[in-house]
Structure formats: structure tokens, C-alpha cells
Amino acid sequence: MESQSSRLIADYNYYLKIERQMSPNTVSSYSSDVVAFFESCGLKPSEVTQDDIEKYVSERSDDLSKRSQARLLSALRSFFDYLQIEKERDDNPCENVSAPKLGRYLPQVLSVDEVSSIIDSVQGSGMSAVRDRAILEMLYGCGLRVSELCGLLISHVYLEEGFVRVVGKGDKERLVPLGEIAADAFAQWLEVRPDSPQYADVAFLNRFGAPLSRVSVFNMVKKQALLAGITKEISPHTFRHSFATHMIENGADLRIVQEMLGHENILTTEIYTHVDQATWQEAVLDHHPRRRKEMQ
């Protein structure tokens, strides 16, 4: 890749992280998409045209989902927006490129019984078992993102007051209520948590006394779901989806759920009303006499 392109991409990463305050994961994803584009086309940023963008997205359409194509185009559009800001270009070649149409995404959600089954599948009283139960209770009880859980500090968990101070995307903080069950599970974990002078305030540690990784949490969730007999494809984020859906099903105000999840836009939170709708629509259809007749 041309040194000019490398310099601009490095500056772009800084812009996303510092000025846009995007999460490290988003910065990494956007950067990877932009780097892959320039490695493929072999052009300088000033030489790229709309045809080049359309050709590249079309070439990637076979191995990328529509959602991934949309993210790719978003990354490229953002990069060329940055070049316009820096007076490196007068136009954005992505401006008139149509993004693929996406269907309404409905996240995978667990029932209350399925959540309980997964948590109950953690057996034993050893350090790992106590920690894993606390993790699952916190993921579901507070609707945390896995990155928020891995970065959680002990000093941000107020057991007596019953709330957690969560540092979310863009280092934005929010307060989330902490229920008794999750609080008890966390308190039990603190009793067996290993001493780690280097990470004295980090809530969740691995067996070596270092902060727990997102991959470790993901693998634990998959393992416990398998032990619980859950066949759905789930991840730590599924507990966050389930938390939000169950809150709305039980009558929580959408604005309150938005604040608890840390969503900037309430439209993001509204997806959970559609999940709830999809659930009762399926139940209605399963018991509808016309549906039963067709199945007989």
C-alpha cells in the first residue's frame, strides 16, 4: 500500500478513536475494511471513483452478507468523509453508491426458563464456577455488553446501593440497577476472587489473575448453553437481548430500557418491541385454527 494511503488511514484511525469516540472494535473493523479495499484496488485515495467502489462491493457480494456489505460501504463512506474534512478530496465517491437493502434484524432471544437453565448448568463451588455464575447473572441482570463486563471494575459495583456504573461505548457512563440475585452472585465471587495486585480493581479475572478476555466469556457461554441443552445459536450478547426483551414484555418503559442499555438512539431500542411482537405473533399462529387445520 502507498505510504500516503498508510498515513491517511493511520490519521483516520486516530480521528475515529479520539474525535468520533468510537469503540476499539469499531475502529478496528472500519480500518480493516478500508485497508482491504486499497490493497485490492491498488489506487491512491485521490484516484478512487464511484465505479471503483461499486466494483469492489460487487466483487465481495458473494462472500459477504448484506449486513457486512453495508458495514463495508459505511466504512469506506466514513473514510472519504474524513478525507473531505482534511481537504484531501473535494468529493466522496461513495455518496451515490446504494447500500444493500437489509431486512429488519431480530436478535436471538432466550426465554426466562432458558436463561435460568443456562445459569443453573454451572455446577460446583470452585472459583471458576462461582465466577461464571456471577458473569451470567451480570450479563442478564444488567444487560451488559461483553466488553463492558470484561472492563468492569469492582469500585463501580455498588452492592449495598444496588447499582452498577457501566462504562460503555465512547467511554460514556451510565448507571444500571443491580438486582439482589446478581448482587449476591457478585458478592460470592468477590469472596473467592484471587488476589491480583496488578489488577486489584478489575472485577473478573482468569485463573492466572489477569483480566478475563471476551473470547473466554464467549466460550463459557457456549459451553454452558450446550450443557443446558439449549440448541439456539447464542453468545454473551444474547443475554443482553434477552434482558431488554423481558423488560419490555414485563411493561418497562422504552426510554428506561434505552438508558439501561446505553443506546444513543431510541430507534435502536425499539427492535426489542419487534422481538416481543414476533414472539406473540408466532404464538397466535401456532394456535390459530386455520394454521392447525393446514398442519393436520
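For helix pairs I count angles under 35 degrees as roughly parallel, over 145 as roughly antiparallel, 65 to 115 as roughly perpendicular and the rest as oblique. The axes are lines fitted to C-alpha atoms, for helices over the stretch in contact, and the angles run from 0 to 180 degrees between N-to-C directions.

The model is predicted, and I accept local features at pLDDT of at least 70 and side-chain atom pairs at pLDDT 80 or more, while totals for chains, interfaces and linings use all residues. Residues are numbered from 1 along each chain as its sequence is written, and side-chain values use heavy atoms, with hydrogens and water left out.

Entry 1, the whole chain. I looked up the secondary structure and found 14 helices and 3 strands, where helices (H or I, at least four residues) and strands (E, at least two) are DSSP runs numbered from the N terminus. Of the 296 residues, 41% count as buried, buried meaning under 20% relative accessible area, exposed over 50% and partly exposed in between (1.4 Å probe, protein chains only). Among contacts (heavy atoms within 4.5 Å) between residues at least 6 apart in sequence, 60% join residues at least 24 apart.

Entry 2, helices H3 and H4. I noted that the axes of H3 (residues 50-59) and H4 come within 10 Å and cross at roughly 155°, and the two helices are therefore roughly antiparallel to each other. I then listed the residues making the contact, which are Ile53, Tyr56 and Val57 on H3 and Gln69, Leu72, Leu73, Leu76 and Phe80 on H4. Sorted by class, this contact has 7 nonpolar, 1 polar and no charged residues, with Ala, Val, Leu, Ile, Met, Phe, Trp, Tyr, Cys and Pro taken as nonpolar, Asp, Glu, Lys and Arg as charged, and the others, Gly among them, as polar.

Entry 3, positive phi values. I checked Gln21, which is not a glycine and yet has a positive phi of about 55°; Gln21 lies in the loop between helix H1 (3-19) and helix H2 (24-41), and at 44% relative accessibility Gln21 counts as partly exposed. I also checked Lys87, another residue other than glycine, whose phi is positive and near 65°; Lys87 sits in the loop between helix H4 (66-85) and helix H5 (112-120), and at 73% relative accessibility Lys87 counts as exposed.

Entry 4, Gln224. I located Gln224 in helix H9 (residues 214-227) and found that Gln224 is buried, with a relative accessible area of 4%. Leaving out residues up to four places away in sequence, I see Gln224 touching Ile118, Ser121 and Val122.
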